[in-house]
Amino acid sequence: EALKKWWQENGKQQLVSVFVVLGGLVGWNFYQSSEQESLNAASDLYEEILSLTIKDQNETLSNSDRENIISYSQQLREEHPASSYASFGSLFAAAAEVENRNLEQAEILLNWILENSSGGVFTKTEEGLLLTTKLRLGRVLLAQGDAERALDFINTVDPKEFETGFAELRGDIYVALDQPNEARDAYSVAQQAGSNSDALRMKIQELAN
């Protein structure tokens with residue numbers, strides 16, 4: 001009789017609580033499964049981009065390769081915008097747009113990466129992605145003939161381990177601004193940071209001449 005009375009008073013409430021807990025577990029498992037499926041789909045698209053991008057030494061990207069990279073990257077941004085795959089895919093797409101001489105679109109893609117990668121705690125890889133993006137954006141701005149804007153932009157960046165690239169870019173910008181002394185100093189910083197590229201040596205030699 002006591003059990004019957006307890007059940008009448010509390011049984012339904014307990015059942016509701018159980019169903020709520022079970023429903024939450026089922027919902028969480030479904031969410032986890034959906035997240036994994038979404039991640040797998042994003043990974044597959046990124047693999048397609050890599051398969052098109054990675055070529056043998058003497059191979060170059062065809063027009064159709066570049067268009068496919070751009071298309072897959074757009075799909076990643078539309079369907080998986082919060083994933084790292086979308087950001088890395090956009091980096092490859094921006095490079096394809098540069099090869100297509102579509103610098104304005106390359107700038108848009110690089111800015112998309114920066115705008116959609118802020119506000120989180122980044123891993124070492126993601127930090128490298130952001131610095132690479134900023135370096136390439138600076139080069140795109142310079143290639144568009146906007147040296148002043150390129151200089152203003154990279155002066156806001158802490159280059160960290162990318163000091164060689166940013167210092168060399170700063171030198172290129174100063175050359176474009178017809179400021180050879182500043183360019184020489186920037187190239188010197190790039191060398192001191194560890195760059196021994198033939199291209200950098202040629203730039204320094206051209207300034208000396």
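Mentor: Before we look at helices, the expected span of a helix is 1.5 Å times one less than its number of residues. Helices themselves are DSSP runs (H or I, at least four residues), numbered from the N terminus. We're on a predicted model, where local features need pLDDT of at least 70 and side-chain atom pairs pLDDT 80 or more, while totals for chains, interfaces and linings use all residues. Residues count from 1 along each chain as its sequence is written, and side-chain values use heavy atoms, leaving out hydrogens and water.

Trainee: OK, how far does helix 2 reach from its first C-alpha to its last?

Mentor: Helix 2 runs over residues 63-79, which makes 17 residues. The expected figure is 24 Å, and the helix comes close to that, reaching 24 Å.

Trainee: How big an arc around the axis do the buried residues of helix 2 cover?

Mentor: Buried means under 20% relative accessible area, exposed over 50%, and partly exposed in between (1.4 Å probe, protein chains only). In helix 2 the buried set is Asp-65, Arg-66, Ile-69, Ile-70, Ser-73, Leu-76 and Arg-77. Going by the directions from the helix axis to the C-beta atoms, they sit on the same side of helix 2, because their arc is only 135°.

Trainee: And which exposed residues are on the face of helix 2 turned away from its buried side?

Mentor: That's the face opposite the residues we just listed, such as Ile-69 and Leu-76. The exposed residues it carries are Asn-63 and Glu-78.

Trainee: Which helix gives the most to the largest nonpolar core?

Mentor: A nonpolar core is a set of buried Ala, Val, Leu, Ile, Met, Phe, Trp, Tyr and Cys residues joined through side-chain atoms within 4.5 Å. The largest one has 44 residues, with Leu-110 and Ile-173 touching the most other members. Eight residues come from the top contributor, residues 124-143, which is helix 5.

Trainee: What is Ile-173 in contact with, leaving aside its neighbours within four places in sequence?

Mentor: Contact means heavy atoms within 4.5 Å. Once those sequence neighbours are set aside, the partners of Ile-173 are Leu-142, Ala-147, Ala-150, Leu-151 and Ile-154.

Trainee: How do the planes of Tyr-46 and Phe-92 make that pair count: stacked, edge-to-face or tilted?

Mentor: Rings of Phe, Tyr and Trp (its six-membered ring) pair if their centres lie within 6.5 Å; planes under 30 degrees apart are stacked, over 60 edge-to-face, the rest tilted. There are three aromatic pairs by that rule. In this one the centres are 6.3 Å apart and the planes at 50°, so the pair is tilted.

Trainee: How many residues apart in sequence are the parts tied together by Tyr-46 and Phe-92?

Mentor: Tyr-46 is buried at 13%, whereas Phe-92 is partly exposed at 26%. Tyr-46 belongs to helix 1 (residues 2-53) and Phe-92 to helix 3 (residues 84-99), so the separation is 46 residues.

Trainee: Which residues are linked with Lys-203 in a network of salt bridges?

Mentor: A salt bridge is a side-chain nitrogen of Lys or Arg within 4 Å of a carboxyl oxygen of Asp or Glu. Lys-203 meets Glu-168 at 2.8 Å and Asp-172 at 3.0 Å. Asp-172 is buried at 14%, while Lys-203 is partly exposed at 22%. The network links Lys-203 with Arg-139, Glu-168 and Asp-172.

Trainee: How far apart are the closest N and O atoms of Glu-127 and Lys-160?

Mentor: This is a salt bridge too, and the structure holds eight. Glu-127 is in helix 5, and Lys-160 is in the loop between helix 6 (147-154) and helix 7 (163-176), 33 residues apart. Their closest N and O atoms are separated by 2.9 Å.

Key:
Helix = DSSP H or I, 4+ residues; strand = E, 2+ residues; numbered from the N terminus.
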